[in-house]
Amino acid sequence: MKVTAKQLAELLGGRVEGDPDVYVERPARIEEGTAGSLTFLANPKYEEHIYKTEASVVLVGEDFKPKLPIAATLIKVGNVYEAMAQLVSHFDQKPEVSPGIAATAKIGDRVSIGEDVSIGDYVVVGDDVSISSGCQLHPFVYIGNGSGLGSDCLIHGGVQIHHGCQLGDRVRIHANAVIGSDGFGYVKGQDGKFKKIQQIGDVIIGNDVEIGANVVVDRASLGSTIIRDGVKLDNLIQIAHNVDVGENTAIAAQTGIAGSTQIGPDCLIGGQVGIVGHVKVGAGTEIQAQSGIASDIEPGSRLYGSPALPYNHFLRSYASFKNFPQLISQIRDLEHRIVQLEKKLEQVRPKG
Amino acid sequence: MKVTAKQLAELLGGRVEGDPDVYVERPARIEEGTAGSLTFLANPKYEEHIYKTEASVVLVGEDFKPKLPIAATLIKVGNVYEAMAQLVSHFDQKPEVSPGIAATAKIGDRVSIGEDVSIGDYVVVGDDVSISSGCQLHPFVYIGNGSGLGSDCLIHGGVQIHHGCQLGDRVRIHANAVIGSDGFGYVKGQDGKFKKIQQIGDVIIGNDVEIGANVVVDRASLGSTIIRDGVKLDNLIQIAHNVDVGENTAIAAQTGIAGSTQIGPDCLIGGQVGIVGHVKVGAGTEIQAQSGIASDIEPGSRLYGSPALPYNHFLRSYASFKNFPQLISQIRDLEHRIVQLEKKLEQVRPKG
Amino acid sequence: MKVTAKQLAELLGGRVEGDPDVYVERPARIEEGTAGSLTFLANPKYEEHIYKTEASVVLVGEDFKPKLPIAATLIKVGNVYEAMAQLVSHFDQKPEVSPGIAATAKIGDRVSIGEDVSIGDYVVVGDDVSISSGCQLHPFVYIGNGSGLGSDCLIHGGVQIHHGCQLGDRVRIHANAVIGSDGFGYVKGQDGKFKKIQQIGDVIIGNDVEIGANVVVDRASLGSTIIRDGVKLDNLIQIAHNVDVGENTAIAAQTGIAGSTQIGPDCLIGGQVGIVGHVKVGAGTEIQAQSGIASDIEPGSRLYGSPALPYNHFLRSYASFKNFPQLISQIRDLEHRIVQLEKKLEQVRPKG
């Protein structure tokens with residue numbers, strides 16, 4: 001794709017400042033832009049680079065006011081990230097899997113496969129599986145008996161989807177993720193040994209869900225583990241049996257959610273967060289990275305700490321924690337002054 | 001399986017309250033039970049559902065006292081989870097791998113394979129491997145040279161077991177776990193570069209061990225990393241080189257144990273816990289999720305926090321942390337009163 | 001290999017104390033040493049074992065002073081770990097993959113393969129890939145279109161390297177790691193739904209890098225995610241898009257680094273650490289396990305806690321946290337004394 005700044009501005013509904021006829025043909029980071037590249041400035045941390053970049057065009061916010069002269073042509077837009085996301089997809093690369101079903105793919109009995117499906121080398125599909133149109137399965141994907149994929153799913157290499165799991169449309173699962181492994185359920189017998197509780201539920205994944213590399217979503221012990229429409233899971237996340245994650249919730253890497261917990265829609269959960277089992281996290285909750293959630297959470301909460309407190313409360317407590325050594329010397333000083341007062345009072349004459 | 005409440009009660013040694021002749025044919029969660037389903041109530045959090053469920057039979061504890069009328073037939077048992085675990089295994093599904101050795105499996109030289117072994121498509125087995133009777137290997141499993149599996153092991157898809165590792169009987173390993181990868185060992189040279197210490201030990205796994213999806217158990221640098229009989233590891237756990245995990249210890253997801261640490265038997269370790277290297281955790285220790293262990297631990301301890309404190313000690317300290325801002329204003333108030341006292345004392349006449 | 005203590009001492013530039021003619025033929029841990037084995041004592045925690053070991057030879061530091069008689073022959077060396085690392089590599093085992101390209105490997109178009117390359121069963125290599133001399137690819141490895149491997153790389157089973165990623169020489173990647181998966185980037189639309197930002201950058205890995213099992217290194221959104229020469233990553237680590245890890249930095253298991261963060265060279269980062277996006281961690285920084293980094297860090301810092309404080313500062317604050325309940329009773333005592341003072345002062349006669 002080779003386009004002018006003017007064409008881009010029209011596409012984005014933005015406004016050009018500078019040469020409208022300059023061409024760009026590839027996207028780049030602002031630190032690395034060269035002639036012919038298109039870049040963007042959204043996070044003010046990177047502002048210094050706009051005065052030095054050799055990129056031909058930079059997308060900026062409508063309210064961006066340069067502090068120094070800028071060589072590049074600017075396009076001012078309402079939402080820089082959204083505009084960049086829209087453009088970058090035009091420069092995106094070709095699919096990694098050839099169309100059609102590889103000769104080495106093993107397909108079970110009674111499998112229905114839609115139109116325009118690509119199945120790569122060494123894929124194994126069990127019996128009674130349904131794969132809708134437009135799906136791409138990369139090498140070493142395993143789909144267990146009775147599972148189903150909606151249309152236009154993209155399943156990367158090494159993903160294992162166990163039996164009886166259902167995916168919606170446009171689900172993306174990244175490499176080596178595991179869907180439908182057994183939940184962690186045991187009963188401790190009187191002999192002190194654990195007896196396994198068979199995990200006979202399944203996993204249901206909605207539409208437009210994206211699941212990161214090496215994520216694990218366990219099947220329910222009974223019933224279903226549910227990942228609802230529009231959920232985005234980063235890499236290395238643990239979703240235990242019978243968890244239910246609400247629509248359009250996004251969870252950062254390495255977070256773990258224990259069994260039977262319900263996460264509301266529209267939550268933003270940071271990385272390395274831990275959430276105990278059997279609690280409800282209300283809609284629109286924001287949880288800071290590394291926090292620990294041990295009880296039900298009201299909708300719209302903002303939390304931090306392990307165990308978590310309201311965000312500002314945690315910051316105040318932590319500020320005090322940080323000043324602790326100083327506080328201790330302050331208390332020692334108070335004690336000293338009290339001792340002085342006590343001594344002095346010994347020396348005064350009582351009323352009377 | 002289709003059975004009456006009476007038959008179930010006899011099997012479990014339980015007592016029927018309600019219609020003993022009602023049939024059930026599938027298990028279900030109490031929230032989702034419909035006519036013909038069997039469910040259970042163990043966690044009191046879910047009690048409300050027993051008054052609304054359409055399930056035909058509910059297992060409850062011997063001491064359960066309903067607060068409202070219940071439509072379902074009850075079966076009262078001593079341990080609800082244990083009873084449910086026993087029943088659910090009767091409803092469990094069929095194996096995912098066909099009997100026999102798939103034509104696409106690559107089997108090395110001098111491999112011994114017992115009776116009733118199933119080896120799925122695209123499994124790779126090295127030389128001098130021993131696979132005992134009743135084992136199931138799912139697609140894309142790799143077993144390195146010289147490794148051995150006891151009887152009735154179930155190895156899910158994508159599991160990589162490196163050379164020279166030994167598994168006991170009835171070991172289950174979930175998808176994409178890695179057994180016997182190199183430990184993380186280097187020497188920093190005078191040039192500031194790390195020089196790898198070859199990891200030439202192995203991994204020994206006992207009987208009745210279950211290992212979750214995407215877990216990593218590193219081989220020992222020298223000697224063995226050991227996972228003893230009855231240990232249960234949840235998903236995404238890291239077990240470093242030369243760790244030794246004692247019998248019947250259970251560890252929740254995303255916990256990491258650093259090199260050469262010994263975990264005693266019968267411990268319960270929460271999720272996202274970190275344990276440093278070269279320490280001993282005594283038998284029967286309980287560690288709360290997200291805790292950090294940095295020293296030897298006495299048997300029977302109960303710990304919380306990072307770095308961990310005794311459980312109740314941590315709770316008390318954290319309660320104070322939570323009340324910190326209030327404490328600060330309390331101290332400020334004390335200081336103010338001292339200033340007042342100091343001023344007043346200026347005005348009193350000394351004894352004389 | 002069967003050698004005498006004298007030969008070993010010459011090889012290492014060490015000094016023999018005891019029988020120089022005793023033979024050793026295998027390495028062992030000091031707890032497990034038997035006649036014919038070579039072991040070492042570096043960590044003083046294990047000193048008790050040197051007085052009981054049946055190993056024939058023990059490597060010790062130059063300044064080691066036994067407190068009891070020792071049966072084994074000692075070899076005194078400057079750096080015990082370095083000496084042991086040097087020797088152990090002589091005892092190391094044979095490669096797991098046979099030389100040559102397995103008949104079942106699928107190799108794309110325009111792939112260049114150097115001399116002495118081993119490619120195992122069921123490896124899939126895309127188009128336009130370059131694999132330099134001496135590389136070993138284990139079963140189920142996937143190399144995407146346009147990626148390149150330097151010489152002598154060792155890629156373990158199940159590793160997925162996506163399109164357009166470049167590895168230097170002597171890179172080792174352990175089983176089921178993922179290189180070049182999509183970064184976690186979305187824009188939230190006005191409809192509350194996330195819109196994916198296509199991730200069209202790549203991953204560049206330097207020379208002598210080692211990457212642990214089940215690690216994920218995401219591709220850049222634009223530009224490159226960079227792992228520089230000599231970096232060592234333990235298992236289950238998350239490296240987000242556009243991260244840059246400096247030369248000879250070592251990172252322990254389960255740590256996560258968020259997008260666009262730059263880690264300086266020669267850092268030592270503990271396990272389960274979290275580092276937010278868009279910050280710079282200076283050269284030579286040491287970060288304690290389970291810490292959380294939320295801002296730029298000066299070179300040479302030593303940090304601990306979540307959010308992290310300077311190491312000793314955290315320890316002091318945590319000591320106070322631990323003594324919190326005691327502090328509270330101390331403050332209560334001060335308050336009581338103030339009340340007493342206030343009462344007494346009521347009873348004294350003012351000056352004048």
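Start by selecting B:Arg172 and A:Asp182: these two form a salt bridge between chain B and chain A, with the closest N and O atoms 3.6 Å apart. Keep in mind as you go that you are looking at a predicted model. Side chains of opposite charge can pair when their charged atoms come close. Across the interface of chain B and chain A, five salt bridges are found.

**Stop 1: the interface of chain B and chain A**

Stay here and widen the selection to the elements on chain B's side. Those that give two or more residues to the side touching chain A are helix H3 (80-91), strand S28 (232-233), strand S31 (250-251), helix H4 (311-322) and helix H5 (324-346) of chain B. Which of these gives the largest share of that side? Colour H5(B), for it supplies 12 residues, the largest share.

Now show the residues in contact: 74 of chain B meet 79 of chain A. The area buried between chain B and chain A is about 6200 Å², and carbon and sulfur atoms give 60% of it. Pick out B:Glu96, B:Tyr122 and B:Phe140, which lose the most area to chain A on the chain B side; together they make up 10% of what that side buries. If you turn on polar contacts, expect 24 residue pairs across the interface of chain B and chain A, counting pairs with both residues at pLDDT 80 or more.

**Stop 2: the interface of chain A and chain C**

Next, hide chain B and bring up chain C. Here 75 residues of chain A are in contact with 79 residues of chain C. The buried area between chain A and chain C is about 6200 Å², with 59% given by carbon and sulfur atoms.

Select A:Glu335 and C:Arg337 to see a salt bridge whose closest N and O atoms are 3.4 Å apart. The count of salt bridges between chain A and chain C is five. There are also 25 residue pairs in polar contact across the interface of chain A and chain C, both residues being at pLDDT 80 or more.

On the chain A side, look for the elements that give two or more residues to the surface touching chain C: helix H2 (80-88), strand S28 (232-233), strand S31 (250-251), helix H3 (311-322) and helix H4 (324-346) of chain A. H4(A) brings 13 residues, the largest share of that side.

**Stop 3: how the chains are arranged**

Show all the chains again and try superposing them. Two copies of a chain are related by a rotation about an axis and a shift along it. Chain B can be laid on chain A by a turn of 120 degrees and a shift of 0.1 Å along the axis, with an RMSD of 0.1 Å. That is the relation of a three-fold axis. For chain A laid on chain C, the turn is 120 degrees, the shift along the axis is 0.0 Å and the RMSD is 0.1 Å.

**Stop 4: a sheet in chain B**

Isolate chain B and look for an open sheet of five strands, in the order S2-S7-S6-S5-S4 and with mixed pairing. Its edge strands are S2 (15-17) and S4 (26-27) of chain B, each of which pairs on one side only. Further in, S5 (residues 37-40) and S6 (residues 57-61) of chain B run parallel and are joined by three bridges. Select B:Thr39 and you will find B:Val58 of S6(B) opposite.

Add helix H1 (residues 5-12) of chain B, which packs on the sheet and touches S2, S5, S6 and strand S7 (73-77) of chain B. The direction of H1 makes about 5 degrees with that of S7(B).

**Stop 5: a salt bridge within chain A**

Over all chains, the whole structure holds 54 salt bridges. For one of the pairs, select A:Lys76 and A:Glu17, whose side chains meet at 3.5 Å, N to O. The pair links distant parts of the chain, 59 residues apart: A:Lys76 is in strand S7 (residues 73-77) and A:Glu17 in strand S2 (residues 15-17) of chain A.

**Stop 6: backbone details**

Most residues other than glycine have a negative phi, and most peptide bonds are trans. Where can you see a cis bond in chain A? Go to the peptide bond from A:Ser306 to A:Pro307, with omega near -5 degrees. A:Pro307 sits in the loop between strand S39 (302-304) and strand S40 (309-310) of chain A. In chain C, a cis peptide bond joins C:Ser306 and C:Pro307, with omega about -5 degrees. Finish at B:Asp266, a residue that is not a glycine yet has a positive phi of about 60 degrees; B:Asp266 is in the loop between strand S33 (262-263) and strand S34 (268-269) of chain B.

Terms used
Residues are numbered from 1 along each chain as its sequence is written. Chains are lettered from A and ligands numbered from 1 in the order in which they are written. This is a predicted model: local features need pLDDT of at least 70, side-chain atom pairs count only at pLDDT 80 or more; totals for chains, interfaces and linings use all residues. Side-chain values use heavy atoms; hydrogens and water are left out. Copies are superposed by least squares on the C-alpha atoms of residues with pLDDT of at least 70 in both. Two strands pair if DSSP finds at least two bridges between them. Helices (H or I, at least four residues) and strands (E, at least two) are DSSP runs, numbered from the N terminus. Contact means heavy atoms within 4.5 Å. Axes are lines fitted to C-alpha atoms, for helices over the stretch in contact, and angles run from 0 to 180 degrees between N-to-C directions. Buried area is the accessible area (1.4 Å probe) that two parts lose on being put together, summed over both. A salt bridge is a side-chain nitrogen of Lys or Arg within 4 Å of a carboxyl oxygen of Asp or Glu. A polar contact is a pair of N or O atoms within 3.5 Å; within protein, one must be able to donate a hydrogen and the other to accept it, and residues adjacent in sequence count only if both atoms are side-chain atoms.
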